[in-house]
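Colleague: I'd like to learn how to read a fold from its coordinates. Could you walk me through one?

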Amino acid sequence: MSIGIFDSGMGGITVLNEIRKKYPEIDIHFYADTARLPYGEKTKEEILRYSEEIVEFLLKKNVELIVIACNTATSLALDEIKNKIDTNIIGVIEAGVNGVINLKSKNVGLIATTATVKSNKYEKVLKNIDENISLYTQPCPLFVTTIESGEIKGENIDKLINQYVNNISKNIDTLILGCTHYSIIKSSIKNIYNNLNIVDPSVEIINIIEKRNLIKNKHENSSTNYYVSGEKQQFKNNLKKIFSIETDNIFEIKGE
């Protein structure tokens, strides 16, 4: 079986790694739209256009499942794309919501991109399941570009974590990492706010896939191909630095 995964950048690799760990015998096509990140500061129209272009690209790879490993694209594009294609497609917001429901938490924080926060998608889905849940949101506009620069630990990251999470930490017992990039700095967030339950949609996505039996037809010789709209070498360097992944299966895609 072949699946497609996409994100604006490195954050989606956290989703890829979880899927690969659970399903080693499938082919994965991963698209990182690094030329146009960060998605979190773009308009809905732009995000929808980018997402549709990438989905079209992945469908040409004959994928049988597409995972939008980006909360912003999930919140602003998933519903519309789902109505236009026959291929199974899922996003990460449902995964994050399920993680909260399983914890039975009523006081929940969400750190996410500006676009994801403004979409109110998490709040709508959570309230639809349990109207007694209180959601406290905090946009974090500097996280993605900082992480994409390769800075994932240290004083600057800790300062940003404190700057953002401190605004909502007193009201919550659970924190949703509402951007897959934030999964990369999860250990630093846990170290500073060790009293909070951390919900990571990158991990929770496996429960959605298993529940719906979306991955089947496994085979022995699996492969992972990476496609980037931006600079190939920078992506390759970050893949090694952040995830200790070394591969030559990286293809620079222009004009997609």
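Modeller: Happily; we'll go through the sheet, the helices on it, the salt bridges and then one helix in detail. Keep in mind that this is a predicted model.

Colleague: Let's start with the sheet. In what order do the six strands of the open sheet come?

Modeller: The order is S4-S3-S1-S2-S9-S10, and the pairing is parallel. Reading such an order, look at the ends first. Here S4 (88-91) and S10 (250-252) stand at the edges with a single partner strand each, so one side of each has no neighbour in the sheet. Averaged over the sheet and ignoring direction, neighbouring strands are turned by 20° against each other.

Colleague: And how many bridges join S1 to S2?

Modeller: Six bridges join S1 (residues 2-7) and S2 (residues 27-32), which run parallel. As an example, Ile5 has Phe30 in S2 as its bridge partner.

Colleague: Which strands does helix H1 touch?

Modeller: H1 (residues 12-22) packs on the sheet and touches S1, S2, S3 (65-68) and S9 (224-228). The direction of H1 makes about 175° with that of S2. H2 is another case: this helix lies across S1, S2, S3, S4 and S9, at about 155° to S1.

Colleague: On to salt bridges. How many does the structure hold?

Modeller: There are 14 salt bridges. For each one, ask how far apart the atoms are, which elements are linked, and whether the partners are buried. Take Lys44 and Glu80, whose closest N and O atoms are 3.7 Å apart. That pair links distant parts of the chain, with Lys44 in H2 (residues 44-59) and Glu80 in H3 (residues 71-82), 36 residues apart.

Colleague: Why does Lys44 count as partly exposed?

Modeller: The relative accessible area of Lys44 is 41%, and partly exposed covers the range between 20% and 50%. Glu80, at 31%, is partly exposed as well.

Colleague: Where do the partners Glu94 and Arg212 lie?

Modeller: Their side chains meet in a salt bridge of 2.5 Å, N to O. Glu94 lies in H4 (residues 93-103) and Arg212 in H10, so the bridge ties together parts that are 118 residues apart in sequence. Glu94 is partly exposed at 31% relative accessibility, and Arg212 is partly exposed at 40%.

Colleague: Are Lys186 and Asp200 buried or exposed?

Modeller: Both Lys186 and Asp200 are buried. The closest N and O atoms of their salt bridge are 2.8 Å apart. Lys186 sits in H9 (residues 186-192), while Asp200 is in the loop between S8 (197-199) and H10, 14 residues away. Salt bridges can also share partners: Asp33, Arg36, Arg49 and Glu53 are joined into one network that way.

Colleague: Now the single helix. Why does the end-to-end distance of H10 agree with the expected span?

Modeller: A helix rises 1.5 Å a residue, so the twelve residues of H10 (residues 201-212) should span 16 Å, and the end C-alpha atoms are indeed 16 Å apart.

Colleague: What caps the N-terminal end of H10?

Modeller: Asp200 does, with a side-chain oxygen 3.0 Å from the backbone nitrogen of Ser202. This is the Asp200 that forms the salt bridge with Lys186. After H10 comes Asn213, whose phi is positive, near 55°.

Colleague: Which residues of H10 are buried?

Modeller: The general idea is that an α-helix has 3.6 residues a turn, so residues three or four places apart point the same way. In H10, the buried residues are Pro201, Ser202, Glu204, Ile205, Ile206, Ile208 and Ile209.

How values were computed
Residues are numbered from 1 along each chain as its sequence is written. This is a predicted model: local features need pLDDT of at least 70, side-chain atom pairs count only at pLDDT 80 or more; totals for chains, interfaces and linings use all residues. Side-chain values use heavy atoms; hydrogens and water are left out. Helices (H or I, at least four residues) and strands (E, at least two) are DSSP runs, numbered from the N terminus. The expected span of a helix is 1.5 Å times one less than its number of residues. Buried means under 20% relative accessible area, exposed over 50%, partly exposed in between (1.4 Å probe, protein chains only). A polar contact is a pair of N or O atoms within 3.5 Å; within protein, one must be able to donate a hydrogen and the other to accept it, and residues adjacent in sequence count only if both atoms are side-chain atoms. A salt bridge is a side-chain nitrogen of Lys or Arg within 4 Å of a carboxyl oxygen of Asp or Glu. Two strands pair if DSSP finds at least two bridges between them. Axes are lines fitted to C-alpha atoms, for helices over the stretch in contact, and angles run from 0 to 180 degrees between N-to-C directions. Contact means heavy atoms within 4.5 Å.
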